[in-house]
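Please read the points below with the structure open beside you, and take them one at a time. They are written for someone who is meeting helix packing and backbone angles early in their studies.

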Amino acid sequence: MFESDSQYPATWYADSCRERQIHRPALEGDLDIDVLVIGAGYTGLYTAHNLADKQVNVAMIEASRVGWAASGRNGGQIILGFSCDMPPIEAQLGTERARLIWDLLRDSAQEIRRKISQHQIDCELAEGHLWTSVLWQRIKILADWQEEAAHKWGYEHLEMINRKDLPGYVGSDRYVAALYDREGGHLNPLKYVLGLAAAAEQKGVRIFEQTKALSYQKTSDGYLVSTPKGQVRCKKLVFATNAYIDKLDTRLSRRVMPVGTYMIATEPLTEAQASQILPTNAAVSDNQFVLDYFRLTQNRSLLFGGKCTYSGKTPANLTEGMRQDMLRVLPQLKDVKITHTWGGHIDITVHRTPDFGRDGNLFWAQGFSGHGVVPTCAAGRVVANAVLGDTHLMDMFMELKTPPFPGGEMFRVPLQAAGMAYYRLRDYAIPGLSY
Ligand SMILES: Cc1cc2nc3c(=O)[nH]c(=O)nc-3n(C[C@H](O)[C@H](O)[C@H](O)COP(=O)(O)OP(=O)(O)OC[C@H]3O[C@@H](n4cnc5c(N)ncnc54)[C@H](O)[C@@H]3O)c2cc1C
């Protein structure tokens, strides 16, 4: 399940930017460094950027390739907020401190735009996100969020779109209402993460690919990390390993469950099809528990994501299963060919709240629970600040409870699958079930 690879998976994204996929060397021999970051996805790269901006000597080791995992194969949807939304954060931290977190997230969404412009990352950035409701009774979730965002978090950019106006935003009869967020958007995630890596290197960050951290130990003045062909001695250590932490630190891996999620890409649509399906070119995700999400690329391919699995096995007939999911939303695409199918792992926590933390000079950020394009940018700031000695944000995040999954190694998957089956049931309009 956690095999690393020297090749990028066969995604639409990998085909979109072959020339940018430069090979970086593996670590051969020993290295002494101030800060070592393990994992070169968004979390690790944002952390490295922030540290390099403060002249810290940083190196990164990546088991596969830069952006090989979730950061280079996700839906590319820029959505404000954490997967858990604000209520559990507010319940645990109080309104005032939750507001700091909301402001951090909002600024992180802008930070993505700043990074793209500052480093001239060509990654097909487009603006606008639509959060849709499939069920009439869940329109209330949209209305409540619009109200909460405006009154509690000072965010007044959410626009409610009623059913009659939906064709101006999305050409699907499946939805009954939506919230349009003009500060959301979408991008090509692999182009973006490769651009972030190139910019980090320009700031002096050293990135080693094909260099898996096999184990680590504490030393008198920091940490010693073993990799296949060398050891790294560092004063401070950052885990940015997402769903792949596995046996590197079982204390942390017990707090996240890797869940498989999948995407397909279509052949390019005609201009008429594209403008009927997404007239404003916004990204779409729905408010079902097991959600569907989709968007157009610059060349008008439709990228459609959904499903989730807990077993680590790819579902049988995945392409056809995903195609049927897409046709449930967009039946007008019945004659359109599917060109790519792929999957990846997200790292969910028990309450879907993020798990950021520190223990001495060891730092981590994980548990994005499927929603990481914006939150990883926030994580990079929280972790880098803590590494630099300003722990006030980190300490706040550490008050969010992220308990280990019940059931231990053997039973956490079946227990979680049973729990998820219950929530899936609630994705259907069943009389008697409350929402
Ligand atoms: C299919 C899919 C669709 C998604 N769609 C969206 C979306 O539209 N919007 C959104 O906000 N979020 C989405 N997400 C979630 C989002 O992609 C992630 O939350 C985010 O990319 C996590 O970034 P990361 O840097 O923490 O982890 P990753 O990108 O997974 O990077 C972790 C890296 O650590 C490396 N690593 C792990 N262990 C070791 C080790 N021992 N030694 C060395 N290296 C190691 C891995 O190889 C990997 O490259 C999606 C995820 C998936 C899988």
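**Notes on helix packing, the ligand shell and two loops**

1. In this predicted model, helix 2 packs against helix 10 (residues 375-387) at an angle of about 45 degrees, and their axes lie 8 Å apart. Helix 2 is therefore oblique to helix 10, and the crossing of the two helices is right-handed. It may help to remember that two packed helices are described by the angle between their axes and by the distance between the axes.

2. Which residues make this contact of helix 2 with helix 10? On the side of helix 2 they are Tyr-42, Thr-43, Tyr-46, Thr-47, His-49, Asn-50 and Leu-51, and on the side of helix 10 they are Thr-376, Cys-377, Ala-379, Gly-380, Arg-381, Val-383, Ala-384 and Val-387. Sorted by class, the contact holds eight nonpolar residues, six polar ones and one charged one.

3. Helix 2 (residues 42-53) also packs with helix 6 (residues 189-202), here at an angle of about 25 degrees and with the axes 10 Å apart. Because angles under 35 degrees count as roughly parallel, helix 2 and helix 6 are described as roughly parallel to each other, and helix 2 passes helix 6 in a left-handed crossing.

4. The contact with helix 6 is made from helix 2 by Tyr-42, Leu-45, Ala-48, His-49 and Ala-52, which meet Val-193, Leu-196, Ala-197 and Ala-200 of helix 6. Its residues divide into eight nonpolar and one polar, with no charged residue.

5. Helix 2 appears again around the ligand, since helix 2, strand 11 (257-266) and strand 15 (338-348) each supply at least two residues of the surrounding shell. Of the 42 residues around the ligand, the ones that come nearest are Gly-39, Gly-41, Gly-75, Gly-344 and Gly-372. By class, the shell has 18 nonpolar, 21 polar and three charged residues.

6. Two loop residues deserve a careful look at their backbone angles. Most residues other than glycine have a negative phi. Gln-55, however, has a positive phi of about 65 degrees although it is not a glycine, and this residue lies in the loop between helix 2 and strand 2 (58-61). Is Gln-55 buried or exposed? Gln-55 is exposed, because 10 other C-beta atoms lie within 10 Å and a count of 12 or fewer is classed as exposed.

7. Gln-120 likewise has a positive phi, near 50 degrees, in a residue other than glycine, and its place is in the loop between helix 4 (95-118) and strand 4 (126-133). With 8 C-beta neighbours inside 10 Å, Gln-120 counts as exposed.

Conventions:
Residues numbered from 1 in each chain as written. Predicted model: local features only at pLDDT ≥ 70, side-chain atom pairs only at ≥ 80, totals over all residues. Axes fitted to C-alpha atoms, helices over the stretch in contact; angles between N-to-C directions. Helix = DSSP H or I, 4+ residues; strand = E, 2+ residues; numbered from the N terminus. Parallel < 35°, antiparallel > 145°, perpendicular 65-115°, else oblique. Left-handed = near helix turned anticlockwise from the far one by under 90°. Contact = placed C-beta atoms within 7 Å. Nonpolar A, V, L, I, M, F, W, Y, C, P; charged D, E, K, R; others polar. Buried ≥ 20, exposed ≤ 12 C-beta atoms within 10 Å, placed from the backbone. Near = placed C-beta within 6 Å.
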